[in-house]
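Biologist: Please take me through the disulfides of this protein, one by one. I would also like to see the nonpolar core.

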Amino acid sequence: QVQLVESGGGLVQAGGSLRLSCAASGRTFSSFGVGWFRQAPGKEREFVAAVTGSGGSTTYAASMKGRFTISRDNAKNTMYLQMNSLKPEDTAVYYCAAATTYYCSGYACYAGVGSYDYWGQGTQVTVSS
């Protein structure tokens, strides 16, 4: 079992920044990959970024690359998402997820909701124009 708790969401103006955190517990954090997804009202859950267990490799959705940065601190059992140059279309609930069963290789795996077997409760990010 893995428990994931997100924090750091809030209201920010367009062009601003936020840093989301995801605290994990229950298993050795460095043993599994983790990712961020988001879901806007009326839309499907969308892949944002993922990072391997060691933190040595990251993968991003094309629309987030260059603005968002995913990282992890295995000593603190925490993953982060630094979001810069935020846009109103970034407004969504952001979820962290853990892939403890599959070892992903390739974008399709990292971006697939089915690759992750544990999810946090989500944190709301609202970007005003």
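Modeller: Here are the disulfides, then the core. This is a predicted model, where local features need pLDDT of at least 70, side-chain atom pairs count only at pLDDT 80 or more, and totals for chains, interfaces and linings use all residues. Residues are numbered from 1 along each chain as its sequence is written, and side-chain values use heavy atoms, with hydrogens and water left out.

A disulfide is a covalent bond between the sulfur atoms of two cysteines. The rule used here is a pair of cysteine sulfur atoms within 2.5 Å. It gives 2 disulfides.

Take Cys-22 and Cys-96. Their sulfur atoms lie 2.1 Å apart. Cys-22 sits in strand S3 and Cys-96 in strand S9, so the bond links distant parts of the chain, 74 residues apart (strands are DSSP runs of E, at least two residues; helices are runs of H or I, at least four; both are numbered from the N terminus). The angle about the S-S bond is 60°, a right-handed link between Cys-22 and Cys-96. Cys-22 and Cys-96 are both buried, meaning under 20% relative accessible area with a 1.4 Å probe, protein chains only.

Now Cys-104 and Cys-109. Their sulfur atoms are 2.0 Å apart. This link is left-handed, at -70°. Both Cys-104 and Cys-109 are buried.

Next, the core. A nonpolar core is a set of buried Ala, Val, Leu, Ile, Met, Phe, Trp, Tyr and Cys residues joined through side-chain atoms within 4.5 Å. The largest has 40 residues, and Trp-36, Met-79, Leu-81, Met-83 and Tyr-94 touch the most other members. Strand S9 gives the most, with 6 residues.

Notes: Buried < 20%, exposed > 50% of the residue type's maximum accessible area, 1.4 Å probe, protein only.
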